[in-house]
Every structure is written in C-alpha cells, then in structure tokens.
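Dear colleague,

I am handing over the structure below, together with a short account of what was found in it. Please read the account with the coordinates open beside you.

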Amino acid sequence: SDFRIKEADRLSSSFLYVVAQSSITGGKKDISDQQLNYFNKIKDMHLSSPTLIGFGIHDNQTFAQACDFASGAIIGSAFIRNLKSKGVDIVPEFIKSIRTKE
C-alpha cells in the first residue's frame, strides 16, 4: 500500500528495494506493463530514499528499463548463473554487458 511504501521510506537509512515481481528470482524474463505501472507509481511518490529495483533484472535491457524508474537495479540470479557457469573471470565482461546499450 502507499502507506507501507511511505513508512518504509521514512524508516530507511539507505535505500528501498523495490521487488519487481511476486515470483521466484530468476524466473521471469520480461518486465510486464503491470510492473511498469508499479514502477511509475513508486517513482511518482517522490520518496526521499533512493530506490533499487530487483527480481527479473537480468540483462542490459531490463537493467536500463528499471533504471528509468529507479536509482538503479540489482541483478542477482543472472549474475550467479554466469559466475557458476563461466567463473570469476567473467565478472568484468558481465558488468560491461549490463551497462552497454544495444
């Protein structure tokens, strides 16, 4: 609810983690219109804490999309999958692939 969001903002001493979807992390591939509406709602609240969107952020497209509505985004599952399959040496390349606009 708006009240809970504003209360979390009031109590925050760092940032608000905006959960992008109500499924397990790493499950969904695209950001839906419903999620975009939610992100707009949060953005329009003009909260004092920075917001970071997580869950469903897995590539440069979803990262850029999330950053249009928040202070940044958190990539978890996609990072761990790449780390497990390709090793620690892939980290700089993975970060570059997220930051690079296609």
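Two residues are taken to be in contact when they have heavy atoms within 4.5 Å of each other. On that basis, residues 24 or more positions apart account for 56% of the contacts in the chain with a separation of 6 or more. Please keep in mind throughout that this is a predicted model.

As for the overall architecture, the chain holds 5 helices and 3 strands, and from the N terminus on these elements follow one another in the order α-β-α-β-α-β-α-α. Of its 102 residues, 35% count as buried, while the accessible surface of the chain comes to about 6,800 Å², with 54% of that area belonging to carbon and sulfur atoms.

Helix H3, which spans residues 60-67, is described here in some detail. Its buried residues are Asn60, Thr62, Ala64 and Ala66, and what covers them includes strand S2 (51-54), strand S3 (72-74) and helix H5 (91-99). At the start of H3, a side-chain oxygen of Asp59 reaches to within 3.2 Å of the backbone nitrogen of Gln61.

Turning to the aromatic residues, the count of ring pairs comes to 4. One of them joins Tyr38 and Phe39, whose ring centres lie 6.2 Å apart and whose planes stand at 50 degrees; the pair is classed as tilted because that angle falls neither under 30 degrees, as stacking would require, nor over 60, as an edge-to-face arrangement would. The two partners are placed in separate burial classes: Phe39, at 1% relative accessibility, counts as buried because the cut-off is under 20%, whereas Tyr38 has a relative accessible area of 32% and is therefore partly exposed. Together with Phe69, Tyr38 and Phe39 form one aromatic cluster.

At the surface, Phe15, Tyr17 and Val19 make a nonpolar patch of about 260 Å². Val19 is found in strand S1, which covers residues 16-19, and with a relative accessible area of 40% Val19 is partly exposed; that value also satisfies the requirement of over 30% that applies to patch residues.

When you go through the model, I would suggest taking these regions in turn: helix H3 with the elements that cover its buried residues, then the cluster of Tyr38, Phe39 and Phe69, and finally the patch made by Phe15, Tyr17 and Val19.

With best regards

How values were computed. Residues numbered from 1 in each chain as written. Predicted model: local features only at pLDDT ≥ 70, side-chain atom pairs only at ≥ 80, totals over all residues. Heavy atoms only, no water. Buried < 20%, exposed > 50% of the residue type's maximum accessible area, 1.4 Å probe, protein only. Helix = DSSP H or I, 4+ residues; strand = E, 2+ residues; numbered from the N terminus. Polar contact = N/O pair within 3.5 Å; in protein donor to acceptor, adjacent residues only side chain to side chain. Phe/Tyr/Trp six-rings, centres within 6.5 Å; stacked < 30°, edge-to-face > 60°. Patch = residues over 30% accessible without salt bridge, like charges linked within 9 Å, V, L, I, M, F, W, Y side chains within 5 Å. Areas by Shrake-Rupley, 256 points an atom, 1.4 Å probe, with all protein chains shown as cover. Salt bridge = Lys/Arg side-chain N within 4 Å of Asp/Glu carboxyl O.
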